[in-house]
Amino acid sequence: MLPYYSVILACIVLVQAAIVKRDHSRQYYTLHFPQGHLDDATHHYARDIAHSLGTRYEGQVGELKTYFVVSSTTTQSPLEKRSTTSSSTSLSPGDDSDDPVVASFHQQKHQALVKRWDESHTFLWSKVQRIDKQKLRKRSKRAVIPPAPVLNTGKLVLEDAQASLGIMDPGFTKQWHLVNQEHTGNDINVTSVWKQGVTGNGTIVAILDDGVDYKSRDLKDNFYAEGSYDFNDHVDLPTPVLWNDYHGTRCAGQIAASKNDACGVGIAYNSKVSGIRILSGEITDVDEAAALNYKFQENDIFSCSWGPTDDGKTMEAPNGILADAFVNGIENGRGGKGTVYVFATGNGGDAGDNCNFDGYTNSIYTITVGALDHTNKHPSYAERCSAQLVVTYSSGGGKSIYTTNHGSAECTDIHGGTSAAAPNAAGIFALVLSVRPDLTWRDMQHLCVQTALPVDLKDDDWKKLPSGHMYNHKYGYGKLDTWAIIEAAKVFKNVNKQTHLELPISMTKTKIPDTTADKHKKPLQSIVQVTQDMITAAGLLRLEHITATVNIEHQRRGDIQIVLQSPNKVESELAAVRVGDASSDGIHNWKFMTVKHWEENPVGNWTLLVYDEINADSTGHMLNWTMTLFGEMDPEFEGEPVHRPGVNHDTSNEGTTSGDKSAPSATPTQNKDSHAPPRPTRVKPATTSSSDSDSASPAATTATVTSHMNDDESVSPGGSTMAGDGDEKDSGHSGFIYAFIGTAVLLGLATTMYLYKRNQRRSPSLPRQSSAIPAMDYEFDELKPEDEDEDEDEDYVQGTADDRPLLSQDQGRQVR
Ligand SMILES: *[C@@H]1O[C@H](CO)[C@@H](O)[C@H](O)[C@H]1NC(C)=O
Ligand SMILES: *[C@@H]1O[C@H](CO)[C@@H](O)[C@H](O)[C@H]1NC(C)=O
Ligand SMILES: *[C@@H]1O[C@H](CO)[C@@H](O)[C@H](O)[C@H]1NC(C)=O
Ligand SMILES: *[C@@H]1O[C@H](CO)[C@@H](O)[C@H](O)[C@H]1NC(C)=O
């Protein structure tokens with residue numbers, strides 16, 4: 001609720017806008033002259049009418065050429081007359097017929113127009129359309145909701161922060177994401193936290209990006225050189241070198257720009273930032289893996305505003321050594337409390353992309369952060385998905401983020417995309433860790449779930465969950481509120497270690513019914529029953545993430561929609577239809593993830609619903625899937641948890657399509673044959689490669705195509721700024737791709753240079769030792785659940801070892 005003074009201010013502002021001087025002893029009215037009746041003499045007509053009404057002519061209403069104000073002396077206080085409950089400010093004629101001025105208006109207008117005694121009189125009164133009596137109280141109330149009053153409250157917060165914290169940064173007033181003066185409350189609510197002295201002391205955030213301008217006046221004092229490295233040029237300092245190496249600097253400014261006389265302030269302006277440069281050129285998986293763990297005893301949070309191409313058709317995950325790097329960060333980073341990885345959902349919203357097709361954002365180890373614009377709406381570029389945990393402010397609705405820029409005291413007000421959301425979240429988490437450095441990576445996720453604030457409640461995807469929280473695939477649990485998360489963090493009780501329950505569902509290869517034109521939408525359904533016994537045996541006390549590892553063959557991958565329905569009928573959209581994804585690769589051991597069932601009771605029947613949409617003539621089959629429930633382990637649990645009841649026990653997954661798995665062992669073999677063309681596309685090994693191969697029959701075609709792609713890549717080594725060219729390559733549909741790439745590169749150079757950056761990254765390097773570990777025997781420890789797409793790594797071992805030194809594959813990461 002807005003404080004009382006804001007209402008007063010609102011009145012004043014409003015009145016000032018409408019009438020130059022307001023005298024509370026007078027009653028005000030507006031005369032309305034419709035647009036079509038206006039001429040140069042309109043104000044004279046208004047004056048004349050004011051005169052015939054016995055009122056005083058006050059003037060035009062601000063910039064509104066069709067309204068004029070008149071006033072009369074009155075004994076009646078405007079505040080007393082408030083009987084109408086209509087929310088409209090403009091009263092219909094007649095509403096105030098007991099008011100002498102209004103009554104006189106109607107009477108005179110009637111006489112002039114109907115009786116037509118005097119021609120000039122008739123002319124005059126034909127010009128004016130209506131009179132509205134002004135009711136002060138009503139208008140001020142109404143104005144409280146939209147801009148005017150709001151402006152003042154925000155301003156007060158801002159001025160208070162400037163005064164009490166000594167913020168002199170000239171750009172602070174432009175940092176609406178910190179204090180929104182226009183739409184009060186549409187900001188991260190941080191100033192009260194700063195006033196408690198919580199400003200990020202002791203926390204270090206690593207910016208994995210294209211470098212950090214540590215010479216910038218805004219960053220030099222908070223730059224942490226010891227945690228920094230340049231994996232592109234292999235030198236110690238992450239100096240921005242390329243003309244467009246400004247992205248990392250902007251992100252760093254959002255987090256740790258100093259409170260000084262340059263630009264604005266960072267969210268955690270006494271925290272430190274490291275720069276880890278990986279996006280400005282080629283790096284290998286080895287380098288990327290090393291970057292993801294770089295100085296992870298010192299760097300607490302890794303802010304990552306990049307990922308696979310967001311073109312609505314890429315499906316790519318960190319596999320092998322990269323997957324291991326994440327697990328390593330989680331298990332060993334920050335003294336075992338776990339590195340906090342923050343990833344942007346991606347900017348492929350307009351391309352119909354979904355962050356569950358990105359293995360970085362749908363990993364349980366990363367906090368997936370989406371964007372919210374300054375009006376609390378979902379910007380169209382921002383991707384949605386069930387792996388999205390929270391949102392925070394970024395560009396959209398005509399405004400972007402104001403932050404530090406490359407240069408000694410440069411600033412920019414065009415930083416945006418989900419790229420700018422991730423660092424805002426990282427900055428907030430830096431404040432959280434400065435208060436509670438002992439929190440684990442999972443504690444941080446719990447805090448997000450518990451304190452995020454739902455926004456834009458009219459959006460129809462909001463769902464009230466059994467846990468009591470609200471969830472929306474576009475907003476996750478809502479927006480981060482710094483004050484709320486800090487207050488919760490202060491008293492947060494660390495969660496116990498993680499356990500999981502893995503339920504492989506093998507089924508006979510089943511055709512997916514086409515639901516394109518089917519009104520009743522009878523999808524393929526696969527049910528898995530979770531019993532209390534399984535939960536108990538796994539020691540699972542409280543549910544957190546769920547993954548569904550899916551195998552589907554399909555002629556057109558983008559047609560597939562997959563929904564996971566819980567026993568409580570909560571539905572997670574795991575795979576959204578992607579109109580642009582024409583790949584015939586299908587879905588192979590892809591791990592979809594959802595956070596929507598957090599804290600839900602998992603006991604009962606879970607149903608996977610698979611729809612085949614868009615094109616009736618492309619078809620597919622479901623092979624199998626595995627549901628894995630992750631969560632907090634019961635501290636009382638004793639003994640060895642049973643993670644895979646089917647395997648470890650005789651307990652079959654009764655009443656389900658599921659069964660125990662002899663299946664897993666089959667996986668590697670199957671995929672192996674197909675791996676002929678080693679890592680052809682720039683798409684990460686995982687999905688694409690395995691997929692290329694698997695879809696047996698179309699495999700031949702795809703294989704050829706992909707190897708071509710490979711040539712292509714060597715010809716045009718990245719470096720360009722085009723987002724598009726990367727995409728084309730992945731698609732695996734060669735044909736016009738060459739032409740397209742050519743065009744795309746040109747176009748790209750000419751236009752898109754700014755948000756996108758390309759980097760070449762290399763090839764499948766060290767595969768995991770997977771061949772040595774048949775899936776069957778693979779037992780996971782707590783905290784080390786099956787890493788992303790393990791099977792794929794295995795296949796891709798093959799192709800890689802030999803080719804590795806030869807290939808320089810483009811596994812571009814697109815900046816967000
Ligand atoms: C913002 O912080 C204030 C404390 O300064 C708190 O009272 C309020 O609930 C927070 N959230 C919102 C949305 O205002
Ligand atoms: C945080 O660091 C700043 C700058 O070094 C210092 O002025 C301030 O007193 C510190 N605050 C706390 C709470 O330690
Ligand atoms: C769960 O599914 C099994 C068969 O798949 C069925 O026998 C059982 O009744 C279902 N339970 C509920 C609660 O629907
Ligand atoms: C599912 O099918 C794929 C492809 O046929 C196979 O590699 C995998 O082992 C199977 N997994 C399960 C859980 O049945």
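Two strands count as paired here if DSSP finds at least two bridges between them. Keep that in mind as we walk through this structure, which is a predicted model.

Let's start with a small piece. Strand β13, residues 401–404, and strand β14, residues 411–415, clear that bar with 3 bridges, running antiparallel. If you want to see the register, look at I401, which sits opposite H415 in β14. Together β13 and β14 make a hairpin, with 6 residues between the two strands. In that turn, check the backbone of G407: its phi is positive, at about 125 degrees.

Further along the chain there's an open sheet of 4 strands, and its order is β17-β24-β19-β22, with antiparallel pairing. Its edges are β17 (498–511) and β22 (587–594), each of which pairs on one side only. From one strand to the next, the twist averages 20 degrees. Inside this sheet, β19 (residues 540–554) and β24 (residues 620–633) are joined antiparallel over 12 bridges. You can pick up the register at I552, which faces M622 in β24. Now bring in a helix: α12, made of residues 441–451, lies across β17, β19 and β24. Relative to β19, α12 runs at about 95 degrees.

Next comes another open sheet, where 4 strands follow the order β18-β23-β20-β21, again with antiparallel pairing. Which strands stand at its edges? They are β18 (524–530) and β21 (571–575); each has a single partner strand, so one side of each is left without a neighbour in the sheet. Neighbouring strands here are turned against each other by 20 degrees on average, ignoring direction. The edge strand β21 is joined to β20 (residues 560–565) by 4 bridges, and the two run antiparallel. At one point along them, Q565 stands opposite E571 in β21.

Let's switch from backbone to rings. A pair of aromatic rings is described by the distance of the centres and the angle of the planes. With centres within 6.5 Å as the cut-off, the model has 22 aromatic pairs. One of them is F33 with F68, where the centres are 5.6 Å apart and the planes meet at 90 degrees, making the pair edge-to-face. F33 belongs to the loop between β1 (26–32) and α2 (42–52), while F68 is part of strand β3 (residues 64–73). The two are 35 residues apart, and their pairing links distant parts of the chain.

Finally, have a look at ligand 2. Which residues surround it? The answer is G197, N201 and N270. Of these, N201 places a polar side-chain atom 2.3 Å from an oxygen atom of ligand 2. As for cover, ligand 2 taken alone exposes 360 Å², and the protein buries 29% of that.

Key. Residues are numbered from 1 along each chain as its sequence is written. Chains are lettered from A and ligands numbered from 1 in the order in which they are written. This is a predicted model: local features need pLDDT of at least 70, side-chain atom pairs count only at pLDDT 80 or more; totals for chains, interfaces and linings use all residues. Side-chain values use heavy atoms; hydrogens and water are left out. A residue is near a molecule or strand if one of its heavy atoms lies within 4 Å of it. A polar contact is a pair of N or O atoms within 3.5 Å; within protein, one must be able to donate a hydrogen and the other to accept it, and residues adjacent in sequence count only if both atoms are side-chain atoms. Accessible areas come from the Shrake-Rupley method with a 1.4 Å probe; for residues, only the protein chains shown count as cover. Axes are lines fitted to C-alpha atoms, for helices over the stretch in contact, and angles run from 0 to 180 degrees between N-to-C directions. Contact means heavy atoms within 4.5 Å. Rings of Phe, Tyr and Trp (its six-membered ring) pair if their centres lie within 6.5 Å; planes under 30 degrees apart count as stacked, over 60 as edge-to-face and the rest as tilted.
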